[in-house]
Amino acid sequence: MAKRSAGGHDGAKVIVGYARVSTEDQGKHGVSLDIQEIAIRNFAEDLQLPVAFVYREVATGAGASSVHDREVLQMALRKCREQDGLLVVWNWSRLSRNADAVDLIHELLPDRDRIFSIEESEGFERAAKRARFAKAQHERDLISQRTKEGMAQKKRDGAVFGNAKIKQVQASGAEGMSRKAEALVLEIAKILRSTPGQSDLTQQEVADLLNTRGLRTGHGGLWTMGRVRTPLNKARAVLLAEEDADNTQIDDDPLFGLF
């Protein structure tokens, strides 16, 4: 059988098993110590790693202090440190149902990811990252929800948020930018109008032409192919409209251009 990697545990030399039930009665009706040990030994066989020992304990896993209170768990952790082992449990609740306790357990091992859960099929590092992300997301959601609820209550109380004239300011700014952009387009059209063969120029050639003529972008920078694309299209549309207007005048006035 090919050796299977446990994911981040390739350096482990032995398997150290830890099986736990909270009470003797739980062991009879839940996942018993025997079943947990069988699963651990099968996992070790699949990895082709020797089992140094499978520690069995009947003790509560509630609270971070339970890590120090469980003598058998301390023995299992010490065995891992001494023999460079991988601590394997049936699931994370066998170690503890308290997140702080699991963090403390991992700190007592030589390698950050030397704990593996069979049922969850993942190492501690991956589980910890996932748990931290879920916790952070939950906290962000709570903060967001509280903020929305607080703002809603203030609005009901008559509070006004932000600048009451913000829309007017935004409209004025947009209008100013529009006038500036329009003037720039007309200036580009003027330069193109005086340039022979302008319709055949590429965007890069037009950008170089505008830079040579001393015309700058709306932000005072040099023209590039990307920056010139939109105003150039508008400038050429202006020239095309002028040309259409001239053609219309010629069609409407048979004497146009004779005097």
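This section describes aromatic pairs, one helix and salt bridges in a predicted model.

Two aromatic pairs are present in the structure. In one of them, the rings of Phe 43 and Phe 116 are stacked, with a distance of 4.9 Å centre to centre and an angle of 20 degrees between the planes. Phe 43 belongs to helix 2 (residues 33–47) and Phe 116 to strand 4 (residues 115–117), so this pair ties together parts of the chain that are 73 residues apart in sequence. Phe 43 has a relative accessibility of 6% and counts as buried, because buried means under 20%. Phe 116 is also buried, at 5% relative accessibility. The other pair consists of Phe 53 and Tyr 55, whose rings are tilted. Their centres are 4.6 Å apart, and the angle between the planes is 55 degrees. This angle is neither under 30 degrees, as stacked rings require, nor over 60 degrees, as edge-to-face rings require, and the pair therefore counts as tilted. Within this pair, Phe 53 is partly exposed, with a relative accessible area of 44%, whereas Tyr 55 is buried, with a relative accessible area of 7%.

Helix 4 covers residues 71–83, which is 13 residues. At 1.5 Å a residue, a span of 18 Å is expected for this helix, and the C-alpha atoms at its ends are 18 Å apart, in agreement with that expectation. The buried residues of helix 4 include Val 72, Leu 73, Gln 74 and Ala 76. Leu 77, Lys 79 and Cys 80 are likewise buried in helix 4. After the helix comes Asp 84, which has a positive phi, near 55 degrees.

Asp 84 also takes part in one of the salt bridges, of which the structure holds four. Its side chain meets that of Arg 114, with 2.6 Å from N to O. The two residues lie in distant parts of the chain, 30 residues apart. Arg 114 is in the loop between helix 6 (99–107) and strand 4, while Asp 84 is in the loop between helix 4 and strand 3 (85–89). Arg 114 counts as buried, at 6% relative accessibility. Asp 84 is partly exposed, with a relative accessible area of 24%.

A further salt bridge joins the side chains of Asp 34 and Arg 56, at 2.7 Å from N to O. Asp 34 lies in helix 2 and Arg 56 in strand 2 (residues 51–58), so the pair ties together parts that are 22 residues apart in sequence. Both ends of this bridge count as partly exposed: Asp 34 has a relative accessibility of 47%, and Arg 56 has one of 37%.

Helix 2 also contains the salt bridge between Arg 41 and Glu 37. The closest N and O atoms of these residues are 3.0 Å apart. Arg 41 and Glu 37 are four residues apart in the helix, so about one helical turn separates them. Arg 41 is partly exposed, at 40% relative accessibility, while Glu 37 counts as buried, at 14%. Asp 34, Glu 37, Arg 41 and Arg 56 are linked in a network of salt bridges.

Note on methods:
Residues are numbered from 1 along each chain as its sequence is written. This is a predicted model: local features need pLDDT of at least 70, side-chain atom pairs count only at pLDDT 80 or more; totals for chains, interfaces and linings use all residues. Side-chain values use heavy atoms; hydrogens and water are left out. Rings of Phe, Tyr and Trp (its six-membered ring) pair if their centres lie within 6.5 Å; planes under 30 degrees apart count as stacked, over 60 as edge-to-face and the rest as tilted. Buried means under 20% relative accessible area, exposed over 50%, partly exposed in between (1.4 Å probe, protein chains only). The expected span of a helix is 1.5 Å times one less than its number of residues.
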